[in-house]
Each structure stands twice: as structure tokens, then as C-alpha cells.
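Trainee: I'd like to learn how to read a structure like this one. Could you walk me through it, feature by feature?

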Amino acid sequence: MLSPASLPSDADTSAGPATADAAGRPAAQTAVRPRVHRRRFLSGTAAAGGALAVTAAGLGSAAAAETGRGGPLAGSPAGAAAAPVTVRPADRRYADLRRGTNQRWVGSPEHIVLATSTADVVRAVQQAVDSGRRLAVRSGGHCYENFTTSDDIAILLDLSRMDDIAYDERRRAFSVQPGAALGRVYDRLYKGWGVYLPAGNCPTVAAGGHIPGGGYGSMSRRDGLAVDHLYGVEIVVVGADGRARAVTATREPGDPNRELWWAHTGGGGGNFGVVTRYWLRSPDARGDDPAAQLPAPPREVWLSEVAWPWEELTESRFTRLMWNHGDWHTRNSAPDSPYTALFSQLKPFHKSGGAVVLDSLVDADAPGAERLLRTYIAEVGAGIGVQPQVRQYRRMPWLHATQWPGFTGPDPTVRFKGKSVYARRTYTDAQISAAYRHLTRDDFHNPGALLMIASYGGAVNRVAPDATAVPQRDSVLKYQVVSLWQDAADDAANIAWVRECYRDMFAATGGVPVPNDTTDGCFVNYADVDLGDPRWNSSGVPWHELYYKGGYRRLQKVKAAWDPTGFFRHAQSVRPA
């Protein structure tokens with residue numbers, strides 16, 4: 001058991017209905033024709049109104065290209081917008097741009113368009129529609145599957161250069177373009193206005209794909225999901241007439257496009273169109289002060305990393321550790337719990353990785369913050385009979401802590417496969433037993449294979465299941481079975497390990513975490529095409545029910561209204577009703 005004395009003291013310190021503005025007034029649309037280092041893994045693995053009139057010829061000025069409702073956004077550049085760049089196979093940049101973070105996937109598009117404005121996006125989409133070629137959209141490139149690299153994709157629309165962050169005075173909301181990486185979002189919002197978005201822990205993930213999948217991270221237990229603060233979206237859609245246009249949808253009750261906004265609060269990226277801008281404002285925000293439109297982050301946080309070496313963990317000890325961890329979260333994840341200030345990742349690595357690691361963070365401003373952290377660590381380790389190694393224990397300013405490798409994402413030069421779980425309560429004995437078997441297998445060796453188990457619940461569970469497109473609103477843990485590796489020759493072994501471990505953990509429910517009293521399906525941002533494969537999902541519950549539950553029918557209606565031809569599609573995209 002980890003006693004308080006073993007830790008340092010405090011001193012050690014998508015076309016559809018006509019668009020409208022936010023008040024519901026109709027607005028005009030203009031359409032367009034025409035192997036891994038062991039130590040690094042142990043501490044660093046982690047593994048998302050009115051219409052804007054644009055034409056194929058572009059807009060008259062950069063200010064117009066950045067127009068929100070009635071004029072340019074505050075803080076937008078006054079100079080000419082950068083021109084889009086088109087990269088073809090002969091270009092030396094093609095080798096880099098044909099792939100994203102997951103090195104398993106390498107595309108072969110005819111060309112890649114790096115857009116810089118909404119007008120660029122409209123033009124690229126219209127050209128794809130007119131030529132009958134398949135288009136895919138990428139913002140940060142962190143997709144788990146080949147949704148932007150499959151062989152039938154001819155045009156890849158890259159949004160990484162669209163990374164502006166500004167305050168829109170007319171909407172009283174922060175404007176964030178899809179290419180903005182979360183680290184940049186945190187930096188700009190905090191330095192400019194002292195606010196933040198409770199989004200993900202990996203600073204290189206971009207807003208474009210992260211937000212519409214729900215977006216959670218280390219402060220979600222305190223302040224909710226990123227989509228709980230989503231006020232509106234600007235999105236390029238394609239109608240039944242084959243015309244590309246940009247429209248705006250907000251959460252305003254009178255907005256006739258409100259269902260399109262709702263679809264982006266957890267409906268997943270790449271389903272309805274190309275989002276070119278997000279507007280962020282908390283539902284309870286009042287007044288005109290930008291600093292009051294989003295929550296403020298902690299001033300400082302406590303960071304901790306402890307580890308239990310595998311050589312000291314028997315099956316019974318591992319079982320006790322897992323039971324302690326799951327039971328603690330079952331008891332301490334209500335929206336009014338003082339422990340909403342605490343977030344943690346338990347990372348039982350394969351035994352070749354050396355240890356089971358617990359990385360934790362707590363808001364240092366919370367009452368009794370350090371005591372909460374110490375008590376949590378002690379309760380997770382209670383009765384195991386193994387003293388954990390204290391690897392890190394320190395107090396840091398919040399913005400610096402957003403780069404802490406304890407929570408940040410994988411090395412962008414590796415390959416990975418992951419499968420997700422929402423958990424409503426602690427693990428079953430069968431789940432723990434299956435996890436232990438696979439984590440201690442002697443016929444498989446990879447220090448980058450693990451369960452990555454994140455704290456969940458808290459403020460996330462204040463929101464009604466149908467208020468957003470994220471229906472999982474009573475879970476206490478969110479985790480994945482994942483493996484990261486370097487060599488393509490190791491693909492089969494690692495993918496098999498992930499599939500088999502996951503299948504066996506949920507063998508009682510057909511190999512997947514079906515919604516019941518213990519589990520609640522899967523996380524759409526951790527895309528997993530196996531959920532639609534009867535070899536790996538024999539539950540009879542389709543993949544879309546695992547992601548969206550009963551909300552899928554509502555998403556299908558949005559799809560039928562805004563992307564009736566199914567132009568925007570991938571292996572797990574929403575199908576029109």
C-alpha cells in the first residue's frame with residue numbers, strides 16, 4: 001500500500017433546409033457549381049446561424065473569407081488569405097502528406113489539397129462532386145482506421161493550415177478552425193482570454209476530428225466534454241442537386257439548422273460535410289466579456305506517476321489492483337463528487353513493458369487537492385502487498401501540464417490498433433481474468449501493448465443522454481485495448497493481440513462491450529471497423545448501436561437532410577435514413 005509518507009511533502013514541491021442566423025432569421029445561400037523504448041512507454045503513452053456565402057471564384061477579400069455573421073471575425077487577419085496548395089505524387093511533400101499519425105495507413109490519392117479558407121473547401125468539394133471522384137477530409141490525421149487513406153480516395157482535403165483561433169464578438173463565442181491542434185487551442189485561449197476548452201490530452205490532435213466525436217480529456221470530470229461547450233459549426237455540405245455550399249448551424253432553439261449542430265456533438269467526423277469552423281461558448285455563459293464565455297482552467301495541477309513492477313504482481317495481486325481501481329471510480333464519479341477535480345489513467349502494460357503504471361492529475365485549487373490525490377493512490381494500491389515505485393510527484397502550472405508526457409498521445413512514427421469501452425461500473429471478474437491472461441502471455445512480446453483506462457464521469461454525467469449525440473452519460477471509466485509498434489512485419493501479431501484480448505474480455509456479450517449494467521458501448525473517435533465484422537462482434541448489436549445507441553436514427557435523419565447523396569462517407573459513416 002502506498003502510504004502518504006512515501007510521497008514527497010507539499011514543500012518538496014453537410015445540402016439541406018435554408019439556413020438562418022442565430023435568431024432563426026432566414027439568410028441567403030450562394031451555391032457553387034462547376035520496437036519501442038521501454039522507459040518512454042512507461043511514462044509517455046496515451047493512447048476530438050446564418051449562411052456563409054461563397055463561390056467557386058472565392059470571396060472578394062480575406063476578411064470576407066473569414067466572415068462569420070455580418071462581418072469579419074474579431075482577430076482575423078486583415079491581409080490576403082494564403083493560397084491553397086495542391087500536392088501531387090511527383091511533389092516531394094507527397095510522401096509525408098499521404099499519411100497521418102497511424103503509420104499503418106498510407107494513402108495514394110491523385111492529389112492533396114491543403115485548404116486555407118472556407119472558399120477553398122467549397123471549391124475542392126465541388127470539383128470532386130463534378131468529377132465524380134471520391135474525396136476524404138483530414139484535419140490532424142489521428143484516425144485509428146483508414147478512413148482518409150483507403151484505395152478509392154482520389155482527393156484528400158487537408159485542413160491543417162486552417163488553424164485560426166479568434167473571438168467572434170457578434171456570436172459571443174470563440175471561433176476555432178478545424179486544423180488547430182489542441183495544444184495550440186489551449187495556448188491561444190488561455191494566453192488571450194484566460195479560458196480553455198475541456199478537450200483531449202494529446203496536443204497534436206486537431207479540433208476538426210476531435211470535437212465532433214465528443215472530445216474528452218483530463219478536465220472533463222470537472223467541466224464536461226468539449227461538445228458540451230459547442231455553440232455552432234460552419235460546415236460545407238452537398239445537396240441533392242450536387243451543389244456545395246457553406247452553412248451555419250447553432251444550438252439556438254430557433255435555428256432551423258439546429259439538428260445539424262446536434263449531429264456534431266458526438267456524431268463523429270466525416271459524416272455530414274466538412275466543418276470549417278467551430279464556435280465555442282458554454283451554455284451558461286452570460287454577458288459580453290470573452291473571459292466569461294468558457295471555463296477557466298486550473299491555475300496549477302498536481303501530477304503523479306506511480307508503478308507496480310510486473311515481477312511482483314501475481315494474478316491475485318493484479319486482480320486486487322484492478323478491482324480497487326474500478327471500485328474507486330464506481331464510488332467517486334458522481335457529478336457532485338469532490339473527486340471530479342481528479343483525472344487518472346491506469347496503464348497495465350504487457351509484462352514485457354515492465355509495470356502497471358498509474359498517471360494522475362488533480363486541480364491544485366480544489367479543496368484538499370493533495371489529500372485527494374494521496375488518498376486515491378493509496379486506495380488503488382490497498383491490500384496488494386506491493387509498494388509502488390513513485391516515479392513523479394510534482395506541482396505544475398496548468399498550461400505546462402498540458403504537454404506532460406504522462407497523458408499525451410503516441411509517437412507519430414508508430415503503428416497502432418485500439419478498441420474502446422465505456423464502463424458504467426467496475427470490471428467483472430471475467431474481464432480482469434482475461435486481461436491478465438493476455439497481458440502475461442509468453443507468446444507475445446511488446447512493451448507498447450496495454451490497457452489504457454481513463455477516469456470518466458463527473459460533470460460528463462450531468463448532461464442528458466439525448467442533449468448531445470454522445471449518449472453515454474452515466475459511465476465512470478472509458479478505456480481501450482491498444483498496441484503500438486514500429487515494424488510492419490509485426491502488424492499481424494499486434495492486431496491479433498488487441499482483437500483477442502478485447503474479444504475475451506467481453507466474451508459474455510459477443511466479444512464487444514454491449515450496453516448493459518456494466519458497459520455502455522464504444523467511443524466513435526476510437527474508430528474500430530471490427531465492430532461491424534461478425535468474426536469479432538457476435539453480439540447481434542450493430543456497430544452504430546455501440547457508438548450511438550438509439551441516437552443513430554436521429555443522426556440518419558440529419559444525414560438524409562444534409563448529405564442525401566452520401567457524398568461524405570467512410571467505412572463507418574452514418575447512412576441516410
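Trainee: Let's start with helix H12. What covers the buried residues of H12?

Mentor: To read this, find the residues tucked away from the surface, then look at what sits on them. Keep in mind that this is a predicted model. The cover over the buried residues of H12 includes helices H9 and H13, along with strands E11 (342-348), E15 (449-455) and E16 (477-485).

Trainee: And which residues in H12 are buried?

Mentor: Buried here means under 20% relative accessible area. In H12 that applies to Gln 431, Ile 432, Ala 434, Ala 435, Tyr 436, His 438 and Leu 439.

Trainee: How do I describe the way two helices pack? At what angle do the axes of H12 and H13 cross?

Mentor: You look at the distance between the axes and the angle between their directions. H12 covers residues 429-439 and H13 covers residues 491-505; their axes come within 8 Å and cross at roughly 160°. Angles over 145 degrees count as roughly antiparallel, so H12 is roughly antiparallel to H13. The crossing of H12 past H13 is right-handed.

Trainee: Which residues meet there?

Mentor: On the H12 side you have Gln 431, Ala 434, Ala 435, Arg 437, His 438 and Leu 439, and they meet Trp 497, Glu 500, Cys 501, Asp 504 and Met 505 of H13. Sorted by character, the residues of this contact are six nonpolar, two polar and three charged.

Trainee: Now the other helix. How do H9 and H12 pack?

Mentor: Use the same recipe. H9 runs over residues 315-331, and it packs with H12 at an angle of about 125°, the axes being 10 Å apart. That angle makes H9 oblique to H12. Their crossing is right-handed. From H9 come Glu 315, Phe 318, Thr 319, Met 322 and Trp 323, meeting Ile 432, Ser 433, Tyr 436 and Leu 439 from H12. Here the split is six nonpolar, two polar and one charged.

Trainee: What about H9 and H10?

Mentor: H10 is residues 369-381, and H9 packs with H10 at about 135° with the axes 7 Å apart. So H9 is oblique to H10 as well. The contact joins Leu 321, Asn 324, His 325, Trp 328, His 329 and Arg 331 of H9 to Tyr 376, Glu 379, Val 380 and Gly 381 of H10. Those residues divide into four nonpolar, four polar and two charged.

Trainee: Let's zoom in on single residues. Is Asp 491 buried or exposed?

Mentor: For one residue, ask where it sits, how accessible it is and what it touches. Asp 491 belongs to H13. Its relative accessibility is 17%, so Asp 491 counts as buried. Its side chain makes a polar contact with the side chain of Trp 485 at 2.7 Å. Setting aside neighbours within four places in sequence, Asp 491 is in contact with Arg 415 and Trp 485.

Trainee: Where is Asp 563, and what does its side chain reach?

Mentor: Asp 563 lies in the segment after helix H15 (552-562). With a relative accessible area of 0%, Asp 563 is buried. Its side chain makes a polar contact with the side chain of Lys 559 (2.7 Å), and it reaches the backbone nitrogen of Phe 568 at 3.0 Å. Sequence distance can mislead you, too: Asp 563 and Val 237 are 326 residues apart in sequence, yet their C-alpha atoms are 6.6 Å apart in space.

Trainee: Which residues does Leu 114 touch?

Mentor: Leu 114 is in strand E2 (residues 111-114) and counts as buried at 10% relative accessibility. Not counting residues up to four places away in sequence, Leu 114 touches Pro 84, Val 85, Val 87, Leu 97, Asp 158, Ser 160 and Arg 161. Of that group, Arg 161 is 47 residues from Leu 114 in sequence and 6.7 Å away in space, C-alpha to C-alpha.

Trainee: One last feature, the backbone angles. What is phi of Lys 549?

Mentor: Here you check the sign of phi and the type of residue. Phi of Lys 549 is near 55°, a positive value in a residue other than glycine. Lys 549 is in the loop between helix H14 (543-548) and H15, and it is buried, with a relative accessible area of 18%. Arg 172 also has a positive phi, about 50°, although it is not a glycine. You'll find Arg 172 in the loop between strand E5 (165-168) and strand E6 (173-176).

Note on methods:
Residues numbered from 1 in each chain as written. Predicted model: local features only at pLDDT ≥ 70, side-chain atom pairs only at ≥ 80, totals over all residues. Heavy atoms only, no water. Axes fitted to C-alpha atoms, helices over the stretch in contact; angles between N-to-C directions. Helix = DSSP H or I, 4+ residues; strand = E, 2+ residues; numbered from the N terminus. Parallel < 35°, antiparallel > 145°, perpendicular 65-115°, else oblique. Left-handed = near helix turned anticlockwise from the far one by under 90°. Contact = heavy atoms within 4.5 Å. Nonpolar A, V, L, I, M, F, W, Y, C, P; charged D, E, K, R; others polar. Buried < 20%, exposed > 50% of the residue type's maximum accessible area, 1.4 Å probe, protein only. Polar contact = N/O pair within 3.5 Å; in protein donor to acceptor, adjacent residues only side chain to side chain.
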